[in-house]
Amino acid sequence: MTEQKNSIGILLNDPALDAGLRNIAVKIDKGERISEEEGLYLFEHADLGYLGVLANLVRERKHGNKTYFNRNFHLEPTNVCLYTCTFCSYSRLIKKRSEGWEYTLDEMMELVKKHDGEGITEVHIVGGVLPQYDVDFYENLFRSIKAYRKDLHIKALTPVEYHYIFKKAKISYEEGMQRMKEAGLDSMPGGGAEIFHPEIRDQIAGGKCSGEQWLRIHEIWHELGGRSNATMLYGHIESFYHRVHHLEQLRQLQDKTGGFQTFIPLKFRNKDNEMSHVPESTVVEDLRNYAISRIYLDNFDHIKSYWPMIGRNVAQLSLAYGVDDIDGTIDDTTKIYTMAGSEEQSPAMSTQQLVNLIRGVGRQPIERDTLYKVIHDYTDDVFEEDKQYQGYVSLPVVNQSN
Ligand code: V47
Ligand code: SF4
């Protein structure tokens, strides 16, 4: 039996560990990359305990105990959409547009103004795809936000919108992204990725940009010096093979550009959509998926669990399975997950609540800006209301169905 200084030693000293998992553990111990076959092997054979040890080691090598969050709000111009993604509970078809909302530029600026005086650093803009929201519209929106509040980081739109509006304007992706940059776009969120593989994408997100187009628009944005995020919508009709394929496409592009900051696995929620008959993944599977993502994406700095979607208790648990970021304070400004059945029916968390959520599992809460510049390290801060706890607050009572 070998002497090991880190937690992987416990795994390697277990004579019952199978050879495949042992080889992968040795690779992770040495800081080596795993192959696609090994990624698939993890999905098919590795239990949660094993994955937790490996993913936590990778996470702590990169970030120690640091756990990031930011202060943001969401601006969703519309929930009416030309597309009909089968997993989407949020959008309304054009023929039912009276059931949805379609904000004008002035109405959106009123929503921005609601956050006057708040220490918010980012606006995350995402919504449905409609012809009136074209290149000119978004240029005006970004310029108006910057003119009003130039410190606000604009993280906006996905290749789904960009592909559509550039095609409509008959301009190339390169020209389009350059125009967005000049209008004030600071970074791109990770949405619209779903599952890249056409076997699945065509069934759940037919008609919108392909996996290749999604990746190409991010590549162009990175070449312009921009940063962006990436997501994967998992736990529906895809197989483990499709998940590994998705992760591999991201890892390859990241090797080329280095422009991705964060990977965000998005758990499929099945309320009120065309895939309501598809059962949701278990919490154990969610944690396995975070852990394998952390192990596989060795060239991504951050793995984020998005608490409005996964629920704050699972987000807290995910911090032991490779996750180092739990997104932002949000302030009840997104409807995507409440409409899809998340246990977070009114997703708002104050900075204090987020800080305590992170402290509750013994991690260090760090407020960051969108580009991960540290804004404030809350490790030693004590909030007035928390003085009674004299240290970490205890875990909140878990009350969720899965
Ligand atoms: O692209 C839609 C997903 C995404 C459902 O970059 C669903 O910081 C689960 O990308 N069940 C949009 N997921 C949200 C998004 C995001 C969120 C938070 C942070 C960042 C970031 C990006 O939401 C869509 C789609 O993949 N989605 N419906 C559903 N029923
Ligand atoms: Fe439209 Fe996005 Fe919903 Fe698809 S996921 S229907 S593109 S809003």
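The following paragraphs describe the fold, the core, the salt bridges, two unusual backbone sites and a ligand shell of a predicted model.

Residues are numbered from 1 along each chain as its sequence is written, and chains are lettered from A and ligands numbered from 1 in the order in which they are written. Because the model is predicted, local features need pLDDT of at least 70 and side-chain atom pairs count only at pLDDT 80 or more, while totals for chains, interfaces and linings use all residues; side-chain values use heavy atoms, with hydrogens and water left out.

The protein chain holds 15 helices and 13 strands, taken as DSSP runs numbered from the N terminus (helices are H or I with at least four residues, strands are E with at least two). Of its 402 residues, 58% count as buried. Here buried stands for under 20% relative accessible area, exposed for over 50%, and partly exposed for values in between, with a 1.4 Å probe and protein chains only. Among contacts (heavy atoms within 4.5 Å) between residues at least 6 apart in sequence, 74% join residues at least 24 apart.

A helpful place to start is the interior. In soluble globular proteins, nonpolar side chains tend to be buried together. The largest nonpolar core in this model has 112 residues, a core being a set of buried Ala, Val, Leu, Ile, Met, Phe, Trp, Tyr and Cys residues joined through side-chain atoms within 4.5 Å. The members that touch the most other members are L42, Y50, I125, F142, Y162, L185 and L250. Leaving out residues up to four places away in sequence, L42 touches L21, I24, I34, Y50, L51, R288, I292 and I295.

Charged pairs come next. A search of the whole structure finds 25 salt bridges, each defined by a side-chain nitrogen of Lys or Arg within 4 Å of a carboxyl oxygen of Asp or Glu. R243 takes part in two of the bridges described here: with E238, the closest N and O atoms are 2.9 Å apart, and with E285 the N to O distance is 3.0 Å. The pair of E285 and R243 links distant parts of the chain, with E285 in helix α12 (residues 283-296) and R243 in helix α11 (residues 240-257), 42 residues apart. E238 and R243 are both buried, and E285 is buried as well. The bridge between D151 and R149 has its closest N and O atoms 3.6 Å apart; D151 counts as exposed because its relative accessibility is 53%, whereas R149, at 10%, counts as buried. A network of salt bridges also links E174, R216, E219 and K256.

The backbone offers two sites worth a look. Most residues other than glycine have a negative phi, and most peptide bonds are trans. L157 nevertheless has a positive phi near 60°. This leucine, L157, sits in the loop between β6 (153-156) and α7 (159-168) and counts as buried at 0% relative accessibility. Y372 also has a positive phi, of about 70°, and lies in the loop between β12 (364-368) and β13 (374-377). With 14% relative accessibility, Y372 counts as buried.

Y372 leads on to T262, since a polar contact of 2.7 Å joins their side chains. A polar contact is a pair of N or O atoms within 3.5 Å; within protein, one must be able to donate a hydrogen and the other to accept it, and residues adjacent in sequence count only if both atoms are side-chain atoms. T262 is found in strand β9 (residues 260-267) and is buried, at 0% relative accessibility. Beyond four places in sequence, the residues touched by T262 include S228, N229, F300 and H302.

Finally, ligand 2 is surrounded by C81, Y83, C85, F87, C88, S91, G128 and K208, where a residue is near a molecule if one of its heavy atoms lies within 4 Å of it. By class, this shell has five nonpolar, two polar and one charged residues; Ala, Val, Leu, Ile, Met, Phe, Trp, Tyr, Cys and Pro count as nonpolar, Asp, Glu, Lys and Arg as charged, and the others, Gly among them, as polar. S89 lies in the loop between β3 (80-81) and β4 (92-93). The side chain of S89 makes a polar contact of 3.1 Å with that of N273, and S89 counts as buried at 5% relative accessibility.
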